[in-house]
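Trainee: Hi, have you got a minute to go through this model with me? I'd like to start with a hairpin.

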Amino acid sequence: MVKATSTPEVAIIGAGATGMSTAWHLSQRGLRVVVFDRVGVGAGMTSLQPGGVRTQWAHNDTFKLAKESQDFYENFIERTGAEKDPELVHCGYAFVASKQETLEALKATVNSQNAQGIHSRMLTAEELGEMIPGLAVDLIAGGSFNESDGYFNHPGAPVSGFAEGALRGDAEVRVANVELIERSGNEWKLQLSTGEILLVPMVVVAAGAESAKLMTLLGIDLPLVPEPRHIFYSNPISERLIEPLVIFQDEHFAVKHLADGSVLASDLSPLPKNTKADERTMRRNMIAKGKRLIETLDYVQFPVMVTGHYDVTPDQQLLLGSPEGLPNLALACGLNGRGMMLAPAVGRVVADTVVNGNNDAVPASMRTDRFAEGGAGAREQMVI
Ligand SMILES: Cc1cc2nc3c(=O)[nH]c(=O)nc-3n(C[C@H](O)[C@H](O)[C@H](O)COP(=O)(O)OP(=O)(O)OC[C@H]3O[C@@H](n4cnc5c(N)ncnc54)[C@H](O)[C@@H]3O)c2cc1C
(Lines give C-alpha, C1' and ligand atoms only; values in the text may rest on other atoms or scores of the structure.)
Protein backbone atom coordinates (compact mmCIF):
# COMPACT_ATOMS: atom_id res chain seq x y z
CA MET A 1 0.00 0.00 0.00
CA VAL A 2 1.33 3.42 -0.97
CA LYS A 3 0.77 6.46 1.14
CA ALA A 4 2.50 9.34 -0.68
CA THR A 5 4.77 11.54 1.42
CA SER A 6 3.02 14.75 0.41
CA THR A 7 -0.31 13.05 1.08
CA PRO A 8 -3.11 14.61 -0.96
CA GLU A 9 -6.12 15.88 0.95
CA VAL A 10 -8.47 15.50 -2.02
CA ALA A 11 -8.44 13.04 -4.93
CA ILE A 12 -10.41 14.04 -8.02
CA ILE A 13 -11.41 11.33 -10.47
CA GLY A 14 -11.57 12.83 -13.98
CA ALA A 15 -9.38 15.55 -15.53
CA GLY A 16 -12.00 17.14 -17.80
CA ALA A 17 -13.27 20.70 -17.58
CA THR A 18 -15.20 19.84 -14.40
CA GLY A 19 -12.39 18.03 -12.59
CA MET A 20 -9.71 20.57 -13.53
CA SER A 21 -11.82 23.58 -12.56
CA THR A 22 -12.49 21.90 -9.21
CA ALA A 23 -8.75 21.19 -8.83
CA TRP A 24 -7.98 24.85 -9.55
CA HIS A 25 -10.53 26.14 -7.04
CA LEU A 26 -9.31 23.73 -4.35
CA SER A 27 -5.67 24.56 -4.91
CA GLN A 28 -6.57 28.27 -4.65
CA ARG A 29 -7.84 27.44 -1.17
CA GLY A 30 -4.56 25.80 -0.24
CA LEU A 31 -5.63 22.15 -0.43
CA ARG A 32 -3.30 19.46 -1.78
CA VAL A 33 -5.07 17.83 -4.70
CA VAL A 34 -4.33 14.84 -6.91
CA VAL A 35 -6.33 14.38 -10.12
CA PHE A 36 -6.55 10.93 -11.71
CA ASP A 37 -7.51 10.43 -15.34
CA ARG A 38 -7.14 7.26 -17.32
CA VAL A 39 -6.11 9.24 -20.44
CA GLY A 40 -4.99 12.73 -19.44
CA VAL A 41 -6.12 16.33 -19.07
CA GLY A 42 -9.18 17.28 -21.15
CA ALA A 43 -9.26 13.97 -23.01
CA GLY A 44 -12.90 12.97 -22.44
CA MET A 45 -15.96 14.85 -23.71
CA THR A 46 -14.07 18.06 -22.97
CA SER A 47 -11.90 17.36 -26.03
CA LEU A 48 -14.97 17.24 -28.33
CA GLN A 49 -17.00 20.28 -27.29
CA PRO A 50 -16.70 23.16 -29.75
CA GLY A 51 -16.82 25.94 -27.13
CA GLY A 52 -20.38 27.23 -26.89
CA VAL A 53 -21.04 29.52 -23.90
CA ARG A 54 -24.53 30.80 -23.16
CA THR A 55 -26.67 32.20 -20.36
CA GLN A 56 -29.98 31.43 -22.07
CA TRP A 57 -31.26 28.59 -19.93
CA ALA A 58 -34.71 27.91 -18.50
CA HIS A 59 -33.92 27.05 -14.88
CA ASN A 60 -32.94 29.80 -12.42
CA ASP A 61 -30.13 27.68 -10.97
CA THR A 62 -28.67 26.94 -14.40
CA PHE A 63 -28.52 30.50 -15.62
CA LYS A 64 -27.07 31.72 -12.31
CA LEU A 65 -24.16 29.27 -12.67
CA ALA A 66 -23.89 30.13 -16.38
CA LYS A 67 -23.67 33.86 -15.60
CA GLU A 68 -21.06 33.33 -12.88
CA SER A 69 -19.03 31.20 -15.30
CA GLN A 70 -19.32 33.65 -18.18
CA ASP A 71 -18.09 36.48 -15.93
CA PHE A 72 -15.17 34.26 -14.89
CA TYR A 73 -14.29 33.48 -18.51
CA GLU A 74 -14.29 37.21 -19.38
CA ASN A 75 -11.24 37.56 -17.10
CA PHE A 76 -9.84 34.06 -17.49
CA ILE A 77 -6.18 35.02 -17.90
CA GLU A 78 -6.23 37.41 -14.92
CA ARG A 79 -8.06 34.85 -12.74
CA THR A 80 -6.01 31.75 -13.57
CA GLY A 81 -2.70 33.12 -14.88
CA ALA A 82 -3.20 30.87 -17.94
CA GLU A 83 -0.92 31.41 -20.92
CA LYS A 84 -3.55 31.02 -23.63
CA ASP A 85 -6.73 33.07 -23.77
CA PRO A 86 -9.78 30.99 -24.80
CA GLU A 87 -11.02 34.19 -26.55
CA LEU A 88 -14.71 34.27 -25.80
CA VAL A 89 -16.33 35.93 -28.83
CA HIS A 90 -19.80 37.36 -28.26
CA CYS A 91 -21.43 36.24 -31.49
CA GLY A 92 -24.84 35.89 -29.81
CA TYR A 93 -27.12 32.85 -29.58
CA ALA A 94 -30.49 32.85 -31.34
CA PHE A 95 -33.09 30.32 -30.18
CA VAL A 96 -35.65 29.78 -32.91
CA ALA A 97 -39.13 28.37 -32.23
CA SER A 98 -41.23 26.69 -34.89
CA LYS A 99 -44.21 26.08 -32.62
CA GLN A 100 -46.23 28.74 -30.83
CA GLU A 101 -45.99 26.85 -27.52
CA THR A 102 -42.20 26.81 -27.78
CA LEU A 103 -42.24 30.55 -28.42
CA GLU A 104 -44.37 31.06 -25.29
CA ALA A 105 -41.89 28.96 -23.27
CA LEU A 106 -39.02 31.07 -24.64
CA LYS A 107 -40.86 34.25 -23.57
CA ALA A 108 -41.19 32.90 -20.02
CA THR A 109 -37.46 32.07 -19.86
CA VAL A 110 -36.50 35.48 -21.23
CA ASN A 111 -38.60 37.12 -18.48
CA SER A 112 -36.85 35.03 -15.79
CA GLN A 113 -33.43 35.74 -17.32
CA ASN A 114 -34.17 39.49 -17.44
CA ALA A 115 -35.14 39.39 -13.75
CA GLN A 116 -31.63 38.05 -13.04
CA GLY A 117 -29.89 40.73 -15.10
CA ILE A 118 -29.41 38.57 -18.20
CA HIS A 119 -30.24 40.71 -21.21
CA SER A 120 -32.00 38.27 -23.53
CA ARG A 121 -34.86 39.53 -25.69
CA MET A 122 -37.56 38.21 -27.98
CA LEU A 123 -37.34 38.63 -31.76
CA THR A 124 -40.02 38.26 -34.42
CA ALA A 125 -39.58 35.84 -37.31
CA GLU A 126 -38.85 38.84 -39.58
CA GLU A 127 -36.19 40.22 -37.22
CA LEU A 128 -34.56 36.79 -37.11
CA GLY A 129 -34.72 36.68 -40.91
CA GLU A 130 -32.71 39.93 -41.09
CA MET A 131 -30.12 38.52 -38.70
CA ILE A 132 -29.81 35.09 -40.37
CA PRO A 133 -29.55 35.26 -44.17
CA GLY A 134 -31.51 32.49 -45.88
CA LEU A 135 -33.65 31.66 -42.82
CA ALA A 136 -36.95 29.99 -43.74
CA VAL A 137 -39.00 32.70 -42.04
CA ASP A 138 -42.32 31.13 -43.02
CA LEU A 139 -41.44 27.99 -40.99
CA ILE A 140 -40.84 29.80 -37.74
CA ALA A 141 -42.88 31.58 -35.07
CA GLY A 142 -40.09 33.76 -33.63
CA GLY A 143 -37.34 33.36 -31.10
CA SER A 144 -35.07 34.75 -28.42
CA PHE A 145 -31.62 36.28 -28.67
CA ASN A 146 -28.80 37.16 -26.33
CA GLU A 147 -25.95 39.08 -27.85
CA SER A 148 -23.47 38.35 -25.06
CA ASP A 149 -23.71 34.58 -25.49
CA GLY A 150 -20.86 33.29 -27.58
CA TYR A 151 -18.14 30.90 -28.49
CA PHE A 152 -14.53 30.27 -27.58
CA ASN A 153 -12.12 30.68 -30.46
CA HIS A 154 -9.96 28.14 -28.57
CA PRO A 155 -12.29 25.62 -26.88
CA GLY A 156 -9.39 23.63 -25.38
CA ALA A 157 -7.84 26.63 -23.66
CA PRO A 158 -10.05 26.75 -20.52
CA VAL A 159 -9.20 23.22 -19.38
CA SER A 160 -5.46 23.75 -20.05
CA GLY A 161 -5.66 27.06 -18.20
CA PHE A 162 -7.27 25.47 -15.16
CA ALA A 163 -4.65 22.70 -15.26
CA GLU A 164 -1.74 25.17 -15.49
CA GLY A 165 -3.14 27.18 -12.59
CA ALA A 166 -3.76 24.10 -10.43
CA LEU A 167 -0.32 22.62 -11.14
CA ARG A 168 1.30 25.91 -10.17
CA GLY A 169 -0.35 25.37 -6.80
CA ASP A 170 -0.11 22.11 -4.91
CA ALA A 171 -2.01 19.93 -7.38
CA GLU A 172 -0.77 16.89 -9.25
CA VAL A 173 -2.28 15.13 -12.30
CA ARG A 174 -1.65 11.42 -12.69
CA VAL A 175 -2.57 9.19 -15.61
CA ALA A 176 -4.24 6.16 -14.04
CA ASN A 177 -7.62 4.50 -14.09
CA VAL A 178 -9.36 4.40 -10.74
CA GLU A 179 -10.53 0.80 -10.61
CA LEU A 180 -11.93 0.54 -7.14
CA ILE A 181 -13.14 2.94 -4.52
CA GLU A 182 -14.13 1.92 -1.02
CA ARG A 183 -14.33 3.24 2.52
CA SER A 184 -11.38 2.49 4.80
CA GLY A 185 -11.94 3.87 8.30
CA ASN A 186 -12.22 7.65 7.95
CA GLU A 187 -10.58 7.64 4.53
CA TRP A 188 -11.22 6.51 0.98
CA LYS A 189 -9.17 3.73 -0.54
CA LEU A 190 -8.58 4.12 -4.28
CA GLN A 191 -7.13 1.24 -6.26
CA LEU A 192 -5.33 2.43 -9.38
CA SER A 193 -4.55 0.69 -12.66
CA THR A 194 -0.85 1.18 -11.83
CA GLY A 195 -1.28 -1.32 -8.98
CA GLU A 196 -1.02 1.39 -6.33
CA ILE A 197 -3.53 1.90 -3.55
CA LEU A 198 -4.03 5.41 -2.24
CA LEU A 199 -5.71 6.54 0.95
CA VAL A 200 -7.29 10.01 0.90
CA PRO A 201 -9.68 11.85 3.22
CA MET A 202 -11.87 13.32 0.45
CA VAL A 203 -12.85 12.26 -3.07
CA VAL A 204 -14.49 14.21 -5.90
CA VAL A 205 -16.08 12.11 -8.65
CA ALA A 206 -15.90 14.13 -11.89
CA ALA A 207 -15.78 11.22 -14.33
CA GLY A 208 -18.61 12.26 -16.67
CA ALA A 209 -21.10 9.50 -17.45
CA GLU A 210 -18.69 6.98 -15.95
CA SER A 211 -19.30 8.48 -12.53
CA ALA A 212 -22.32 6.16 -12.36
CA LYS A 213 -20.08 3.10 -12.65
CA LEU A 214 -17.81 4.35 -9.86
CA MET A 215 -20.76 5.08 -7.58
CA THR A 216 -22.14 1.57 -8.13
CA LEU A 217 -19.02 0.37 -6.30
CA LEU A 218 -20.34 2.25 -3.27
CA GLY A 219 -23.84 0.86 -3.63
CA ILE A 220 -25.27 4.08 -5.08
CA ASP A 221 -27.42 3.93 -8.16
CA LEU A 222 -26.96 7.31 -9.90
CA PRO A 223 -29.60 8.22 -12.48
CA LEU A 224 -26.94 9.13 -15.04
CA VAL A 225 -26.51 7.70 -18.54
CA PRO A 226 -24.49 8.56 -21.65
CA GLU A 227 -26.64 9.87 -24.53
CA PRO A 228 -24.95 10.13 -27.96
CA ARG A 229 -24.52 13.44 -29.79
CA HIS A 230 -22.95 14.11 -33.21
CA ILE A 231 -21.46 17.22 -34.77
CA PHE A 232 -20.62 17.71 -38.44
CA TYR A 233 -17.96 20.13 -39.69
CA SER A 234 -17.47 21.61 -43.17
CA ASN A 235 -14.15 22.56 -44.70
CA PRO A 236 -13.29 26.25 -44.14
CA ILE A 237 -15.50 28.66 -46.10
CA SER A 238 -14.24 32.24 -46.47
CA GLU A 239 -17.60 33.94 -47.07
CA ARG A 240 -19.33 34.41 -43.68
CA LEU A 241 -22.68 32.61 -43.88
CA ILE A 242 -24.10 33.10 -40.38
CA GLU A 243 -22.87 35.15 -37.44
CA PRO A 244 -24.87 34.14 -34.36
CA LEU A 245 -25.11 30.56 -33.24
CA VAL A 246 -28.59 29.46 -34.22
CA ILE A 247 -30.52 26.78 -32.37
CA PHE A 248 -33.81 25.54 -33.80
CA GLN A 249 -35.34 24.31 -30.61
CA ASP A 250 -38.22 22.26 -32.01
CA GLU A 251 -35.96 20.73 -34.65
CA HIS A 252 -33.00 20.04 -32.30
CA PHE A 253 -30.78 21.59 -34.93
CA ALA A 254 -27.80 23.87 -34.27
CA VAL A 255 -25.53 25.69 -36.69
CA LYS A 256 -22.53 27.99 -36.27
CA HIS A 257 -19.91 29.43 -38.59
CA LEU A 258 -16.73 29.05 -36.51
CA ALA A 259 -13.72 31.34 -36.26
CA ASP A 260 -11.57 28.99 -38.40
CA GLY A 261 -14.10 29.27 -41.27
CA SER A 262 -15.64 25.83 -40.86
CA VAL A 263 -19.39 25.52 -40.41
CA LEU A 264 -20.56 23.36 -37.52
CA ALA A 265 -23.97 21.76 -37.82
CA SER A 266 -25.65 19.28 -35.59
CA ASP A 267 -28.89 17.43 -35.46
CA LEU A 268 -29.00 17.02 -31.69
CA SER A 269 -32.11 14.84 -31.57
CA PRO A 270 -31.24 11.86 -29.39
CA LEU A 271 -31.25 8.66 -31.45
CA PRO A 272 -34.02 6.21 -30.61
CA LYS A 273 -32.87 3.68 -28.00
CA ASN A 274 -30.73 0.78 -29.33
CA THR A 275 -30.33 2.48 -32.73
CA LYS A 276 -26.87 2.07 -34.18
CA ALA A 277 -25.33 5.30 -35.48
CA ASP A 278 -25.13 5.16 -39.26
CA GLU A 279 -22.94 8.05 -40.35
CA ARG A 280 -24.27 8.32 -43.92
CA THR A 281 -27.91 8.43 -42.84
CA MET A 282 -27.21 10.93 -40.09
CA ARG A 283 -25.27 13.18 -42.49
CA ARG A 284 -28.02 12.98 -45.09
CA ASN A 285 -30.74 13.80 -42.53
CA MET A 286 -28.74 16.63 -41.03
CA ILE A 287 -28.02 18.22 -44.42
CA ALA A 288 -31.68 17.95 -45.46
CA LYS A 289 -32.81 19.56 -42.20
CA GLY A 290 -30.21 22.33 -42.49
CA LYS A 291 -31.18 23.24 -46.06
CA ARG A 292 -34.86 23.30 -45.17
CA LEU A 293 -34.23 25.74 -42.31
CA ILE A 294 -31.48 27.96 -43.81
CA GLU A 295 -31.17 27.92 -47.58
CA THR A 296 -27.61 29.35 -47.59
CA LEU A 297 -26.48 25.97 -46.20
CA ASP A 298 -27.47 24.51 -49.56
CA TYR A 299 -23.98 24.21 -50.99
CA VAL A 300 -22.07 23.39 -47.77
CA GLN A 301 -20.56 19.91 -47.53
CA PHE A 302 -19.86 18.35 -44.13
CA PRO A 303 -17.06 15.79 -44.50
CA VAL A 304 -16.15 15.46 -40.81
CA MET A 305 -18.32 13.88 -38.14
CA VAL A 306 -17.46 13.90 -34.44
CA THR A 307 -19.31 11.62 -32.04
CA GLY A 308 -19.54 11.95 -28.29
CA HIS A 309 -22.12 11.82 -25.57
CA TYR A 310 -23.81 13.98 -22.94
CA ASP A 311 -23.94 12.65 -19.35
CA VAL A 312 -27.68 12.87 -18.88
CA THR A 313 -29.97 12.84 -15.84
CA PRO A 314 -33.78 12.42 -15.94
CA ASP A 315 -34.41 16.16 -15.30
CA GLN A 316 -31.37 17.28 -17.33
CA GLN A 317 -29.97 18.99 -14.25
CA LEU A 318 -26.52 18.52 -12.68
CA LEU A 319 -25.48 16.12 -9.92
CA LEU A 320 -23.38 18.09 -7.44
CA GLY A 321 -22.34 17.72 -3.82
CA SER A 322 -22.32 14.85 -1.35
CA PRO A 323 -24.88 12.08 -1.61
CA GLU A 324 -26.60 11.24 1.67
CA GLY A 325 -24.42 9.08 3.92
CA LEU A 326 -21.17 9.90 2.06
CA PRO A 327 -20.09 13.23 3.59
CA ASN A 328 -16.47 13.01 2.41
CA LEU A 329 -17.30 12.39 -1.21
CA ALA A 330 -18.60 15.00 -3.66
CA LEU A 331 -20.15 14.44 -7.06
CA ALA A 332 -19.44 16.76 -9.98
CA CYS A 333 -21.21 15.14 -12.92
CA GLY A 334 -24.47 15.12 -14.88
CA LEU A 335 -23.45 18.17 -16.89
CA ASN A 336 -26.05 17.34 -19.58
CA GLY A 337 -24.11 18.96 -22.42
CA ARG A 338 -22.98 22.17 -20.75
CA GLY A 339 -19.89 21.25 -18.77
CA MET A 340 -17.49 23.69 -20.41
CA MET A 341 -19.70 26.74 -20.08
CA LEU A 342 -20.47 25.95 -16.41
CA ALA A 343 -17.03 24.72 -15.35
CA PRO A 344 -15.90 27.80 -13.39
CA ALA A 345 -19.05 27.91 -11.23
CA VAL A 346 -19.31 24.13 -10.86
CA GLY A 347 -15.67 23.98 -9.66
CA ARG A 348 -16.42 26.73 -7.14
CA VAL A 349 -19.56 24.96 -5.83
CA VAL A 350 -17.77 21.63 -5.47
CA ALA A 351 -14.77 23.28 -3.77
CA ASP A 352 -17.20 24.93 -1.31
CA THR A 353 -18.73 21.52 -0.61
CA VAL A 354 -15.32 20.01 0.08
CA VAL A 355 -14.07 22.86 2.25
CA ASN A 356 -17.30 23.41 4.22
CA GLY A 357 -18.14 19.71 4.57
CA ASN A 358 -21.78 20.31 3.62
CA ASN A 359 -24.06 20.86 0.61
CA ASP A 360 -25.05 24.45 1.46
CA ALA A 361 -23.44 25.83 -1.72
CA VAL A 362 -25.23 23.34 -3.96
CA PRO A 363 -28.47 24.60 -5.54
CA ALA A 364 -31.40 22.40 -4.48
CA SER A 365 -32.17 21.44 -8.09
CA MET A 366 -28.66 19.93 -8.42
CA ARG A 367 -28.48 17.86 -5.21
CA THR A 368 -28.67 14.10 -5.49
CA ASP A 369 -31.39 13.83 -2.83
CA ARG A 370 -33.93 15.33 -5.29
CA PHE A 371 -34.37 11.83 -6.68
CA ALA A 372 -35.34 10.36 -3.31
CA GLU A 373 -38.62 8.48 -3.48
CA GLY A 374 -38.66 8.65 -7.25
CA GLY A 375 -39.16 12.42 -7.46
CA ALA A 376 -37.05 14.83 -9.51
CA GLY A 377 -36.83 18.60 -9.67
CA ALA A 378 -38.08 20.93 -12.42
CA ARG A 379 -36.58 19.88 -15.72
CA GLU A 380 -34.04 22.14 -17.45
CA GLN A 381 -35.94 22.75 -20.70
CA MET A 382 -33.20 24.27 -22.82
CA VAL A 383 -30.84 21.34 -23.31
CA ILE A 384 -30.54 20.60 -27.00
C1 LIG B 1 -20.99 16.91 -29.34
C2 LIG B 1 -20.88 17.67 -28.06
C3 LIG B 1 -20.96 19.07 -28.07
C4 LIG B 1 -20.85 19.78 -26.89
N5 LIG B 1 -20.89 21.15 -26.91
C6 LIG B 1 -20.73 21.85 -25.77
C7 LIG B 1 -20.65 23.27 -25.79
O8 LIG B 1 -20.72 23.90 -26.84
N9 LIG B 1 -20.49 23.92 -24.60
C10 LIG B 1 -20.40 23.24 -23.40
O11 LIG B 1 -20.28 23.88 -22.37
N12 LIG B 1 -20.45 21.91 -23.37
C13 LIG B 1 -20.61 21.20 -24.52
N14 LIG B 1 -20.64 19.83 -24.48
C15 LIG B 1 -20.61 19.16 -23.19
C16 LIG B 1 -19.21 19.13 -22.61
O17 LIG B 1 -18.32 18.58 -23.56
C18 LIG B 1 -19.20 18.31 -21.34
O19 LIG B 1 -20.31 18.66 -20.51
C20 LIG B 1 -17.93 18.54 -20.56
O21 LIG B 1 -16.81 18.34 -21.36
C22 LIG B 1 -17.93 17.59 -19.39
O23 LIG B 1 -16.70 17.70 -18.74
P24 LIG B 1 -16.37 16.69 -17.60
O25 LIG B 1 -15.05 17.10 -17.06
O26 LIG B 1 -17.51 16.63 -16.66
O27 LIG B 1 -16.31 15.27 -18.32
P28 LIG B 1 -15.20 14.69 -19.32
O29 LIG B 1 -14.54 15.74 -20.10
O30 LIG B 1 -15.81 13.56 -20.06
O31 LIG B 1 -14.11 14.15 -18.31
C32 LIG B 1 -14.29 12.97 -17.54
C33 LIG B 1 -12.93 12.31 -17.44
O34 LIG B 1 -13.01 11.23 -16.52
C35 LIG B 1 -12.10 10.25 -16.93
N36 LIG B 1 -12.48 8.99 -16.26
C37 LIG B 1 -13.68 8.37 -16.32
N38 LIG B 1 -13.67 7.29 -15.52
C39 LIG B 1 -12.43 7.24 -14.93
C40 LIG B 1 -11.81 6.36 -13.99
N41 LIG B 1 -12.46 5.32 -13.46
N42 LIG B 1 -10.54 6.61 -13.62
C43 LIG B 1 -9.86 7.68 -14.14
N44 LIG B 1 -10.40 8.53 -15.05
C45 LIG B 1 -11.68 8.33 -15.41
C46 LIG B 1 -12.20 10.23 -18.44
O47 LIG B 1 -11.02 9.73 -19.03
C48 LIG B 1 -12.44 11.71 -18.76
O49 LIG B 1 -11.26 12.38 -19.15
C50 LIG B 1 -20.70 19.09 -25.65
C51 LIG B 1 -20.62 17.70 -25.65
C52 LIG B 1 -20.70 16.99 -26.84
C53 LIG B 1 -20.57 15.50 -26.81
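**Walking through the model**

Mentor: Sure. S11 and S12 form a hairpin with four residues between them, and Gly 195 in the turn has a positive phi of about 95°. Strands here are DSSP runs of E with at least two residues, helices are runs of H or I with at least four, and both are numbered from the N terminus.

Trainee: Before we go on, what kind of model is this?

Mentor: This is a predicted model, where local features need pLDDT of at least 70, side-chain atom pairs count only at pLDDT 80 or more, and totals for chains, interfaces and linings use all residues. Residues are numbered from 1 along each chain as its sequence is written, and side-chain values use heavy atoms, with hydrogens and water left out.

Trainee: Thanks. Back to the hairpin: how many bridges join S11 to S12?

Mentor: Four, and the two strands run antiparallel. Two strands count as paired if DSSP finds at least two bridges between them. Within this pair, Trp 188 stands opposite Val 200 in S12.

Trainee: What sheet do S11 and S12 belong to?

Mentor: An open sheet of three strands, ordered S10-S11-S12, with antiparallel pairing. Strand S10 (178-184) and strand S12 (197-200) stand at the edges with a single partner strand each, so one side of each has no neighbour in the sheet. On average, neighbouring strands are turned by 20° against each other, direction ignored.

Trainee: And how many bridges join S10 to S11?

Mentor: Six bridges join S10 to strand S11 (residues 187-192), and these strands run antiparallel. Ile 181 stands opposite Leu 190 in S11, and Glu 182 stands opposite Lys 189 in S11. S10 and S11 also make a hairpin, with two residues between the strands, where Gly 185 takes a positive phi near 60°.

Trainee: Moving on, what is the strand order in the sheet of six?

Mentor: That open sheet runs S9-S2-S1-S13-S20-S19, and its pairing is mixed. At its edges stand strand S9 (171-175) and strand S19 (319-321), each with a single partner strand, so one side of each is left without a neighbour in the sheet. S19 is joined to strand S20 (residues 329-333) by three bridges, with the strands antiparallel. Leu 319 stands opposite Cys 333 in S20.

Trainee: Helices now! At what angle do the axes of H2 and H9 cross?

Mentor: Helix H2 (residues 60-74) and helix H9 (residues 339-356) have axes that come within 7 Å and cross at roughly 100°. That makes H2 roughly perpendicular to H9, a label for angles of 65 to 115 degrees. Axes are lines fitted to C-alpha atoms, for helices over the stretch in contact, and angles run from 0 to 180 degrees between N-to-C directions.

Trainee: Which residues make the contact?

Mentor: Among them are Leu 65, Phe 72 and Tyr 73 of H2, and Met 340, Pro 344 and Val 349 of H9. Contact means heavy atoms within 4.5 Å. The contact residues divide into 12 nonpolar, two polar and two charged. Nonpolar covers Ala, Val, Leu, Ile, Met, Phe, Trp, Tyr, Cys and Pro; Asp, Glu, Lys and Arg are charged, and the others, Gly among them, polar.

Trainee: Zooming out, how many helices and strands are there in the chain?

Mentor: The chain has nine helices and 20 strands. Its C-alpha trace spans about 65 × 45 × 40 Å along the principal axes.

Trainee: And which domains does the assignment give?

Mentor: Domain 1 (10-51 + 156-224 + 314-374) and domain 2 (93-146 + 228-308), with bounds from an automatic or database domain assignment. The C-alpha centres of domain 1 and domain 2 lie 32 Å apart.

Definitions and conventions:
Angles under 35 degrees count as roughly parallel, over 145 as roughly antiparallel, 65 to 115 as roughly perpendicular and the rest as oblique.
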